[in-house]
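Biologist: Please take a close look at one part of this model, the pockets, and then go on to the charged pairs. Keep it plain, and give the cut-offs as you go.

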Amino acid sequence: LTPVQEAAMKLLEQGLDELVAARGREGGKLKAMLQQRCDGIASVVIQVREQLPLILQASREKLQQRLAELKIEADPTRLEQEIAYLTQKSDVAEELDRLGGHLSEIQRNLQLNEPVGRRLDFLIQELHREANTLGSKSISLDTTRASVDLKVFIEQMREQVQNIE
């Protein structure tokens, strides 16, 4: 190689080293941001889990209050069936479990030393699906707000995952 070619090769190697280092720093920042959003989602999931029994009890009391206001004597067996149906229809425990599972999988993928962008993109879609279901099953303002909060975290993650290989 000529001296000019050697100098060019040395500059090329330096440039590539700097590019790899910059990508590593950017990847570290993206990883930290995604982990923060995962923590935020996990916090919302915990709050909903804690509130769920209170929400279901409030729903039961509201139904009983409406019946009392309308001065309707309901068959206790039928009333319990309706309350059980309402409870089952609005039960989001399965969605909360799946959200937790998806968060664990995201955390696992963030530890891998290989391209994970497509996997993360898929997991973000799954998180969004569960947040939508939580919102659609909502019977209280608290779970509706939780669904919106989840969607905000998820959208922030989705935007960043688009930058990951």
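Modeller: What follows covers the pockets first and the salt bridges after them. This is a predicted model, in which local features need pLDDT of at least 70 and side-chain atom pairs count only at pLDDT 80 or more, while totals for chains, interfaces and linings use all residues. Residues are numbered from 1 along each chain as its sequence is written, and side-chain values use heavy atoms, with hydrogens and water left out.

A pocket here is an open set of points on a 1 Å grid over the protein atoms alone, where a 1.4 Å probe fits, with protein on both sides within 12 Å along at least five of seven lines; lining residues have an atom within 4 Å of a point. A volume is the space filled by probe spheres set on the points, which are joined across faces, edges and corners.

The largest pocket has a volume of about 480 Å³. It is lined by 16 residues, and Arg23, Gly27, Glu114, Ile164 and Glu165 are the closest to its centre. Helices H1 (3-69) and H3 (93-110) each give at least two lining residues, and H1 has the largest share, with six. Helices are DSSP runs (H or I, at least four residues), numbered from the N terminus. The lining divides into six nonpolar, five polar and five charged residues; Ala, Val, Leu, Ile, Met, Phe, Trp, Tyr, Cys and Pro count as nonpolar, Asp, Glu, Lys and Arg as charged, and the others, Gly among them, as polar.

The second largest pocket holds about 150 Å³. H1 again gives the most to the lining, six residues, and the residues around this pocket include Ile55, Lys62, Arg66 and Leu86. By class there are five nonpolar, two polar and two charged residues.

Now the charged pairs. A salt bridge is a side-chain nitrogen of Lys or Arg within 4 Å of a carboxyl oxygen of Asp or Glu, and the count is 11. Glu114, from the centre of the largest pocket, pairs with Arg119, with the closest N and O atoms 2.6 Å apart. Glu114 is partly exposed at 40% relative accessibility, where partly exposed lies between buried (under 20% relative accessible area) and exposed (over 50%), with a 1.4 Å probe and protein chains only. Arg119 is partly exposed as well, at 35%.

Glu80 and Arg60 also form a salt bridge, at 2.6 Å between the closest N and O atoms. This pair links distant parts of the chain, from H2 (residues 76-89) to H1, 20 residues apart.
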